[in-house]
Protein chains: 2
Amino acid sequence: MSSAPVSPADRRFVTVTETVTEISPFTLNAWMSRPDIVPCRDVLLVRATMEPGFCHPFHHHPTREEIIYVVSGQAEQWCGDSYRVLKPGEMVLIPKGEVHGTYNPFREPVVFLAILSPAEAAGPDMVDSSGEAPWLGKREALGLPACVMRPV
Amino acid sequence: MSSAPVSPADRRFVTVTETVTEISPFTLNAWMSRPDIVPCRDVLLVRATMEPGFCHPFHHHPTREEIIYVVSGQAEQWCGDSYRVLKPGEMVLIPKGEVHGTYNPFREPVVFLAILSPAEAAGPDMVDSSGEAPWLGKREALGLPACVMRPV
């Protein structure tokens, strides 16, 4: 075994050492599959931790399909105009371009995997829809607790 | 809320009720993202449980990239000619066509997510490589414990 640095093209295994962490306005991210880590072409994978009271408000990905899979805690997960409280082992499939959002009005962090495909795509990664009808005020109209983002 | 059956084209959320279970020679599978469950085009997702002493021996997927992400337990995970013991929260990226295998010589089940992309692809889903050089006898030469498959 050599201790020389492994280039992303040669890396296959991703443990905590190889993970790339990032703070976003919504979550604490541990990137595991991304072209700067492994030679992925089709699948991006990030493990995200969303603290109590936080959210990733209504948005969409114009160029990628997404799966959100809950590892621990629970998420108020929206897709289109409906939501479910997803528990560990449950998921949502979000077709390309479909508006969705993840909210944590609960008392514990929610940890989820976000799986996006393809890995490389032209155009914006994400488009915010939270200020537009019919998403603006949609949760509030249902009496759901307000959630915030981190100022970054 | 209606109790009418939801068609795969209209389904987004997948809980234990919507999961499709299957017994394979290697694992007990809970399919979550597959075209008969949700309208996925890019990502297949299955949660697999491999019992102690079982394996999915060396094979490859000619048409799909794969990620294996360990949820609980541990896996002796091969990719190309090297392996790592993956623990919960760790993964391997397997480029399209690269030979790999998952072995559980440990004393507890290993639960992992297999993520494959794209969802639909022409050609065989899987090609067995375990009877060919250099894979045949590779683990045994290292003194690693034999693992079996379920007769189905």
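Student: So two strands pair if DSSP finds at least two bridges between them. Which residue in S8(A) stands opposite Trp78(A)?

Tutor: Tyr83(A) takes that place in S8(A). Strands here are DSSP runs of E, at least two residues long and numbered from the N terminus. We're looking at a predicted model, where local features need pLDDT of at least 70, side-chain atom pairs count only at pLDDT 80 or more, and totals for chains, interfaces and linings use all residues. Residues are numbered from 1 along each chain as its sequence is written, while chains are lettered from A and ligands numbered from 1 in the order in which they are written.

Student: What does the model score?

Tutor: The ipTM is 0.95 and the pTM is 0.96. For chain A the mean pLDDT (the predictor's confidence in each residue, from 0 to 100) is 96, with 98% of its residues at 70 or more.

Student: Back to Trp78(A). What does S7(A) pair with on the S8(A) side, and over how many bridges?

Tutor: S7(A), residues 75-79, runs antiparallel to S8(A), residues 82-86, with five bridges between the two strands. They make a hairpin with two residues in between, and Gly80(A) in that turn has a positive phi of about 60°.

Student: And which strand pairs with S7(A) over four bridges?

Tutor: That's S10(A), residues 100-103, also in the antiparallel sense. There, Gly101(A) stands opposite Trp78(A).

Student: Why is S7(A) largely enclosed?

Tutor: Because five of its five residues are buried, a label that takes 20 or more other C-beta atoms within 10 Å (12 or fewer is exposed, in between is partly exposed, and C-beta atoms are placed from the backbone). In a regular strand, side chains alternate between the two faces of the sheet. Both faces of S7(A) are covered: Ala75(A), Gln77(A) and Cys79(A) are buried on one side, and Glu76(A) and Trp78(A) on the other.

Student: Switching topic: how many residues does each chain put into the contact?

Tutor: Chain B gives 25 residues and chain A gives 26, where two residues are in contact if their C-beta atoms, placed from the backbone, lie within 7 Å. On the chain B side, the strands that each supply at least two residues include S3 (28-33), S6 (65-72) and S11 (110-117). The largest share, three residues, comes from S9(B).

Student: How does S9(B) meet chain A?

Tutor: S9(B) is joined by two bridges to strand S1 of chain A, residues 13-14, and the two run antiparallel. Met91(B) is the bridge partner of Val14(A).

Student: How are the two chains related, then?

Tutor: A rotation of 180° with 0.0 Å of shift along its axis superposes chain B on chain A, with an RMSD of 0.0 Å (a least-squares fit on C-alpha atoms of residues with pLDDT of at least 70 in both). That is how a two-fold axis relates copies. Both copies use the same surface, as 100% of the contact residues of chain B recur in chain A.

Student: Is Val38(B) buried or exposed?

Tutor: Val38(B) is buried, because 26 C-beta neighbours lie inside 10 Å. This residue sits in the loop between S3 and S4 (44-50) of chain B. Beyond four places in sequence, its contacts include Leu93(A), Pro8(B) and Val14(B).

Student: And Asp36(A), buried or exposed?

Tutor: Asp36(A) is exposed, with 8 other C-beta atoms within 10 Å. Its loop lies between S3 (28-33) and S4 (44-50) of chain A. Pro8(A) is 28 residues away from Asp36(A) in sequence, but their C-alpha atoms are 5.9 Å apart.
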